[in-house]
Each structure stands twice: as C-alpha cells, then as structure tokens.
Amino acid sequence: MKTSIASALLLTSALTAPAFAESLTRVATVPLGGEITGMFQQGDDLFFNVQHPADDIGTAFAKATVGVIANADFAAGELAVPEGDEMKVVKSTLGAYQVLVQEGDFGKIGHIAGAGGEIKVSNDPDFNAYVATGDAEGYLFTNWEDRPGGMSRVKLMRAADGTYSVDEADAMMIDFSAVQGTWVNCFGTLSPWSTPLTSEELYFDDTADWNNPDYKYIDGVEDLAAYVGAWPNPYRYGYIVEITDPAGSATPVKHFSMGRYSHENSVVMPDDKTVYLSDDGTNVVFYKFVADAAGDLSAGTLYAAKMTQSAESGADAATTGFDVEWIELASGNNAEIEGWIAEYDGITTDDYMADATAYISDEDVAAWAAGEAADNRVAFLESRKAASAKGATAEFRKMEGVNINYAAAKDGSVPFMYMAMSEVAKGMSDAEGDIQVSEVKCGVVYEFPLEADYNTTKMVPVVAGGAYDKNAEANACNVDAISNPDNLLVLSNGDVLIGEDTGAHENNAMWLWSKGAM
C-alpha cells in the first residue's frame with residue numbers, strides 16, 4: 001500500500017503549514033542483515049549495493065553485493081514486506097536486479113592491502129559512481145567502508161537490453177598510498193566534472209585518543225598503520241577525497257580545505273563552487289564550503305550552520321523546521337593546511353599522555369576562537385570543535401546523506417536539497433541548545449529550499465519515521481514507514497529515493513518519496 005505522510009514543507013519563515021500531498025512507496029528490499037547503499041542513477045539504470053548481509057542465509061546474496069537495475073520503472077508500484085525465502089534475496093518492483101561484483105571477486109574486489117600486505121577483505125560496499133567513457137561503457141567506482149578504507153573500480157559494458165558485463169582483467173582497487181590511506185570510505189557523489197568524491201567518515205570521538213593504546217578504535221588505527229607502514233597522523237584522515245583522472249590513473253586528492261570531521265557526504269551545487277557537507281555521529285555539525293574557483297575544491301572558505309528552531313511549530317520533530325545561518329570558520333587551501341598537518345607526523349603510542357594531548361588541545365581551540373591563534377589550523381583540523389567554539393550548532397544526531405539532482409537544481413525545476421537524519425535523538429532531543437525537538441528513533445528526511453545563489457536558509461522535515469517499539473524484536477520501527485534513512489538519491493522529477501541503514505526493520509528497504517501536486 002501507499003502510506004500518506006503529513007507534509008511539513010513551507011517556504012515561509014514559520015515553517016509549519018502543509019503545502020503538498022505526499023506519498024511514500026516501498027520499492028525494494030535487501031536480504032537479512034543487509035543495508036542499502038550506493039544508490040546512483042545513470043540514465044535509466046539504478047545502481048545500488050547490499051552491504052554486510054548475513055553470511056548464513058544460504059543464497060547468492062550471502063556476500064556483499066554491488067548491482068544494478070537496468071531501465072528502472074519508478075512507476076511500477078509498491079513492494080510488499082518480504083516473507084520466507086524472499087527475505088534472503090533482493091526484491092524490487094523497479095525491475096530485475098543484476099549482480100555485478102561481490103566481495104572477493106577476481107581476488108581484488110573489497111581486498112584492502114598496503115605496505116604490510118593484505119589487511120582484510122571488506123564486506124561493506126557503500127557509495128557508487130559511474131564515470132562514462134562511451135555511449136555504453138564506463139567505470140563503476142565503489143567505496144569499501146572499512147578501517148583502512150578502500151575503493152574499487154570496474155569497467156562495465158552495457159548491452160542494448162540493459163545487461164551489463166564486467167571486464168575482470170581491468171578490475172582494480174584504488175591505490176591510496178600516496179595520501180597515506182583512507183579511513184571508512186562512506187557515501188559520496190560524482191562531481192559535476194565527473195570525478196568521484198569519496199567521504200572519510202572519521203567516527204573518532206577525540207583526536208587525543210588516536211595514539212591511546214586502550215582506545216576502542218585502536219585496532220583500526222593499527223590496521224591503518226599496517227597500510228601506511230608507520231603510525232599514522234590523525235590529521236591526515238577525515239576529509240573529502242577526490243579521484244582525479246578517474247578513467248586513467250585514478251589519482252586520489254584529499255581536500256583538507258573542506259575540513260576534518262566524520263564526512264558522510266558532500267554535494268556540489270550547480271555553481272560548481274558551493275558544497276554542502278554532512279557530518280555523521282552524535283552532536284555533529286552541518287557544513288558549507290565555497291570554493292575560490294569553480295571546479296576546484298582545493299581552496300575556499302568553510303562555514304558551519306547555526307540553527308534557529310521554529311517557535312510556531314512546537315517541538316514535534318516530524319513538523320518542526322529551522323532557519324539556517326552560516327558562520328564563517330576560515331579560508332584556506334590544501335597546501336597550506338597540509339603544512340600544518342605535517343607538524344604532527346611521527347607521533348606514536350609512545351607519546352600518549354593520559355592527562356594531556358600530543359595534538360591540538362581544547363585550550364588551542366579556545367584561543368583560536370578568541371582570535372589569539374597564530375593560524376587557522378583549528379578550523380580545518382578540528383573542524384567540529386572549531387564550529388562549536390564559534391557558536392555553530394553542534395547537536396545533530398546521525399546526519400547521513402545530503403543530495404540534489406544537479407540538472408534539476410540547475411534549471412530550477414527541483415530547487416531543493418535533501419538530507420537524511422538517521423535518528424533524531426540525544427543532542428537534538430534534550431532540553432538544551434538550539435535544537436529541542438521530540439525524539440524520532442526511526443529518523444527524519446529534511447528538505448532545504450535552494451536560493452538563486454545556491455545558499456540555503458531553511459531546513460524542514462518532509463518524511464518522518466513511524467512509531468518505535470523497542471520490544472518488537474524484528475521490526476521496532478513501523479514497516480510502512482522509513483527506518484533510519486541513510487543514502488538519498490533525488491530524481492529529475494523531484495522524487496527522492498531513500499535507502500535504509502537500520503536494525504529496526506528486519507529487511508532494509510528502499511523507499512520512493514513523491515512530493516505530489518500542490
């Protein structure tokens with residue numbers, strides 16, 4: 001069935017009155033244990049992945065899978081909640097799902113190896129980007145979300161009927177050794193100039209613990225050390241990484257200028273300069289970056305969002321919107337920032353101090369915010385702390401994908417950006433700070449109207465998860481509503497695909513949200 005969702009969209013300052021009739025339609029599910037990631041549209045074809053499925057389901061989908069639905073039919077209707085054996089495979093009303101590659105294929109896919117040899121075979125495919133090299137061929141780039149991170153590139157050929165073939169001999173994993181490896185390559189986008197932008201989801205609570213031998217993520221740092229061949233510098237991780245010359249050398253470039261935090265995603269606006277960036281975790285920040293030159297992300301100005309909650313709409317997270325103000329943090333460029341980063345090379349666990357830090361201290365952050373620092377390294381190396389110190393809102397919980405439809409935003413037919421908040425809780429739902437709304441354990445998708453210069457000053461909820469029952473073992477979130485939204489894909493007509501990353505639905509689902517007519 002189609003489930004009507006009460007709209008919260010409003011383009012006035014009140015941000016409360018419904019303006020559209022909306023619908024939410026389940027269009028795909030993935031096997032038990034699996035998450036939906038990597039939604040990417042190329043023409044009429046929809047790529048998406050099955051991340052970390054249960055390995056004991058006894059089907060071909062017991063391995064992490066990268067696949068595609070050719071000629072996807074978004075008007076095909078509703079998919080029923082799977083039962084029995086249907087729970088162990090990919091199901092969709094959009095069309096037949098073709099497996100392209102799976103973890104371990106060709107002895108390459110998902111294999112992460114560095115200076116010390118192979119470290120692991122990942123079962124966590126995430127972001128996909130297809131870079132066309134001809135009318136019916138191109139390269140598919142796929143993130144492998146691990147510590148250290150990885151990215152595969154496979155050459156695909158498309159037949160007239162939509163069937164894809166993979167060039168096994170050309171398959172490879174991207175070499176990140178030149179940038180000393182990556183950390184948790186999460187969601188991403190394809191830039192307007194056709195380079196994959198992969199996100200390092202740092203997910204590290206405090207840099208001071210990076211060399212703490214007892215820290216919870218120390219195994220990941222040790223694996224990264226095996227990749228690099230030495231104890232890594234924390235300030236070299238937590239950035240947007242651009243894959244330049246994707247059909248050739250596929251050379252990674254870390255954009256230190258866009259700030260260091262737990263990047264979930266970045267999306268470039270049609271001016272090819274303005275970029276919005278989401279930050280995953282608890283008490284996190286929403287960022288904007290404006291490049292100095294179009295098509296060049298190596299230099300620019302970093303901003304952080306200050307939210308003002310709508311008083312008129314009360315505290316219901318499903319209907320409460322916000323005004324957005326942008327606080328400037330600093331301007332910088334990759335070369336200058338990397339010079340500051342290099343000052344922290346060579347620090348190891350031998351330098352750990354339980355009552356101090358070998359890295360940037362909270363006192364250093366406070367001095368920078370007060371205008372007493374010699375440079376702006378705090379803004380780019382401790383961006384979340386810098387934003388909070390400057391008065392930005394650092395209360396978001398589980399901020400996930402942020403996305404637009406580039407062509408439709410450019411021509412003005414869909415002048416909106418969307419963001420998934422996997423869960424509205426903790427800092428968003430306490431009685432302190434800028435955000436004080438009700439808890440929605442099943443998550444909310446927000447809409448941002450884009451202004452003529454691609455700035456945005458409004459954030460309003462448009463899709464909210466249903467009731468949460470902590471005692472419901474299989475489906476704690478209502479099965480007829482979203483649960484923990486993650487990846488988003490905006491279609492050319494303004495509809496939005498929502499992919500789940502949830503343990504509160506027995507089978508993660510993909511939803512099609514349609515705004516409908518006014």
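So, how many bridges pair β12 with strand β13, and in which sense, parallel or antiparallel? Six bridges, and the pairing is antiparallel, with β13 covering residues 164-173. Before I go on, a quick reminder that what's on the screen is a predicted model.

Let me stay with β12 for a moment. If you want a single pair to click on, take Arg153: its bridge partner in β13 is Met172. The connection between β12 and β13 is a hairpin, with five residues between the two strands. Look at Gly162 in that turn, because its phi is positive, at about 95 degrees.

Now the other neighbour. Strand β11, residues 137-144, pairs with β12 too, again antiparallel, and here there are eight bridges. Thr142 has Ser152 in β12 as its bridge partner. This connection is also a hairpin, running from β11 to β12 through five residues. So is β12 itself enclosed or open? Seven of its nine residues, 150-158, are buried, so the rest of the structure largely encloses this strand.

Okay, next hairpin: β14 and β15. Strand β14 is residues 185-190, and five of those six residues are buried, so call it mostly covered. It runs antiparallel to β15, residues 196-200, with four bridges joining the two. Thr189 sits opposite Leu197 in β15. There are five residues between the strands, and in the turn Ser194 has a positive phi of about 65 degrees.

Somebody is going to ask me about Ser199, which lies in β15. Is Ser199 buried or exposed? Its relative accessibility is 0%, so it counts as buried. Its contact list, leaving out residues up to four places away in sequence, is worth a look. Among the residues Ser199 touches are Asn185, Cys186, Phe187 and Gly188, and also Asn143, Tyr239, Ile240, His263 and Glu264.

Ile240 from that list takes us to another hairpin. Strand β16, residues 240-244, is joined to β17, residues 251-255, by five bridges, and the two run antiparallel. Ile240 has His255 as its bridge partner in β17. Six residues separate the strands, and Asp245 in the turn has a positive phi, about 50 degrees.

On to the cysteines. How many disulfides does the structure hold? One. It joins Cys442 to Cys477, with an S to S distance of 2.0 Å. The torsion about that S-S bond is about -100 degrees, so we have a left-handed disulfide. Where do the two ends sit? Cys442 is in the loop between β26 (416-421) and β27 (444-449), while Cys477 is in the loop between β28 (458-464) and β29 (485-490), so the bond ties together parts that are 35 residues apart in sequence. Both of these cysteines are buried.

And why does Cys186 form no bond with Cys477? The Cys477 sulfur is the closest cysteine sulfur to that of Cys186, but at 19 Å it is too far for a bond. Cys186 is buried as well, given its relative accessibility of 2%.

Let's do a helix. In α1, residues 218-228, the buried residues are Ile218, Gly220, Val221, Leu224, Ala225 and Tyr227. They span an arc of only 165 degrees around the axis, so they are on the same side of α1. What do they pack against? That would be β8 (111-114) and β9 (117-121). Right after the helix comes Gly229, and its phi is positive, near 95 degrees.

There's also an open sheet of four strands, in the order β3-β4-β5-β7, with antiparallel pairing. Its edge strands are β3 (35-42) and β7 (97-102), and each of those pairs on one side only. From one strand to the next, the twist averages 25 degrees. Within that sheet, five bridges join β5, residues 65-69, to β7. Gly67 is opposite Val99 in β7, if you want to find the spot.

Last thing, the cores. The largest nonpolar core has 80 residues, and the members that touch the most others are Phe47, Trp183, Tyr287 and Leu381. Then there is a second, separate core of 32 residues, including Ala317, Phe396, Val437 and Val440.

That's my tour, thanks.

Definitions and conventions. Residues are numbered from 1 along each chain as its sequence is written. This is a predicted model: local features need pLDDT of at least 70, side-chain atom pairs count only at pLDDT 80 or more; totals for chains, interfaces and linings use all residues. Side-chain values use heavy atoms; hydrogens and water are left out. A nonpolar core is a set of buried Ala, Val, Leu, Ile, Met, Phe, Trp, Tyr and Cys residues joined through side-chain atoms within 4.5 Å. Buried means under 20% relative accessible area, exposed over 50%, partly exposed in between (1.4 Å probe, protein chains only). Two strands pair if DSSP finds at least two bridges between them. Contact means heavy atoms within 4.5 Å. A disulfide is a pair of cysteine sulfur atoms within 2.5 Å. The arc is that of the directions from the helix axis to the C-beta atoms. Axes are lines fitted to C-alpha atoms, for helices over the stretch in contact, and angles run from 0 to 180 degrees between N-to-C directions.
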